[in-house]
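Please look through the sequence and the model before reading on. The turns that follow take up one feature at a time.

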Amino acid sequence: MRKAILFIIPVFLLAAAVQKTNRLPKDLKEISGWVFANDSTLIAHNDGGNDPKIFVLNLDGSIRHKVSVTNAENTDWEDIALDQKGNLYLGDFGNNNNTRTNLKVLKVNAKKVLDNQDVEAKFIEFSYPEQKDFPPKLAEKYFDCEAMSFYNDSLYLFTKCRAEPFDGKCFVYTLPTKPGTYKAKKRYYMVLGKRDWFRDAATSADIQNDKLYILTYNRVIIHSFENGKAKYESHQTLLPLTQKEALAVHPNGKIYVGDERQKIVGGGNMYIIKPTPKKK
């Protein structure tokens, strides 16, 4: 999602749980997703309209090397996931206007990404069976997606609410990991908040150790996640309000967040967050 936020919250409101920030390189000025390949390596990508490149990063956000996906375009890459077999999934499903009919997930081998300068992708093409019109009515604009993670044997997609009036519904869909053409399966929906999509719409997700982490522009929301069902546990506020679109959970439990670099609101940083313990 490339639209800039049009208002600013002062920097002094930065949440205390942010342990440190690093400046991301200019090559990642539109960072839109990343995932841990191992405990010392992040794999990242930029938002739609950029080159179809994957970036292998050190833990400080510096670029180790770049990889071109030779048989794909970056129409609107929005998030990335890794399965237990070493496959990476890049979600080309950004759909701001709810008009796309070419939604897909790219599947590539993580080891090839780590070891090579070029890779080819296989494709998981899909549609939302509930969408009948392109675009749908304003009150039914639930078919944008910027958040994805792998869980058990499926890809979990968490949609971004663009309905007017805004109701904060985040629909949970699943897809198989085998290349092919599918109708995404709707599981249920969550309400992340009812204020506006600046604050209450999903922009990235990660599932680790039966915990679901959902990112919005101003917080990380943590849920327990068992058998594909989410139950709210806590949230961590992340201010100032910037275009935060990349989230990954390190094996040590720390949460890495990246935001896009914008002229008006700033950004272009890596935030390393230690979750606040849940109060008993």
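What follows is a dialogue between a learner and a teacher on reading this predicted model.

Q: How many helices and strands does the protein have?
A: The protein has two helices and 22 strands, where helices and strands are taken as DSSP runs.

Q: How does the radius of gyration of the protein stand against that of a compact globule?
A: The rule of thumb is 2.2 Å times the number of residues to the power 0.38. With 280 residues, a compact globule would come near 19 Å, and the 17 Å of the protein agrees with this. Along the principal axes, the C-alpha atoms fill a box of roughly 45 × 45 × 40 Å, and buried residues make up 57% of the 280.

Q: Where are cis peptide bonds found, for instance at Pro135?
A: The bond from Phe134 to Pro135 is cis, with omega near 5°, and Pro135 sits in the loop between strand E10 (122–127) and strand E11 (144–151). Another cis bond joins Glu164 and Pro165, with omega about 5°; Pro165 lies in the loop between strand E12 (154–160) and strand E13 (169–176).

Q: Which value does phi of Asn209 take, and is Asn209 buried or exposed?
A: Exposed means a relative accessible area over 50%. Asn209 has 69% and is therefore exposed; its phi is near 50°, a positive value in a residue other than glycine. Asp210, with phi near 60°, lies like Asn209 in the loop between E16 and E17, but Asp210 is partly exposed, with a relative accessible area of 39%.

Methods. Residues numbered from 1 in each chain as written. Predicted model: local features only at pLDDT ≥ 70, side-chain atom pairs only at ≥ 80, totals over all residues. Heavy atoms only, no water. Helix = DSSP H or I, 4+ residues; strand = E, 2+ residues; numbered from the N terminus. Buried < 20%, exposed > 50% of the residue type's maximum accessible area, 1.4 Å probe, protein only.
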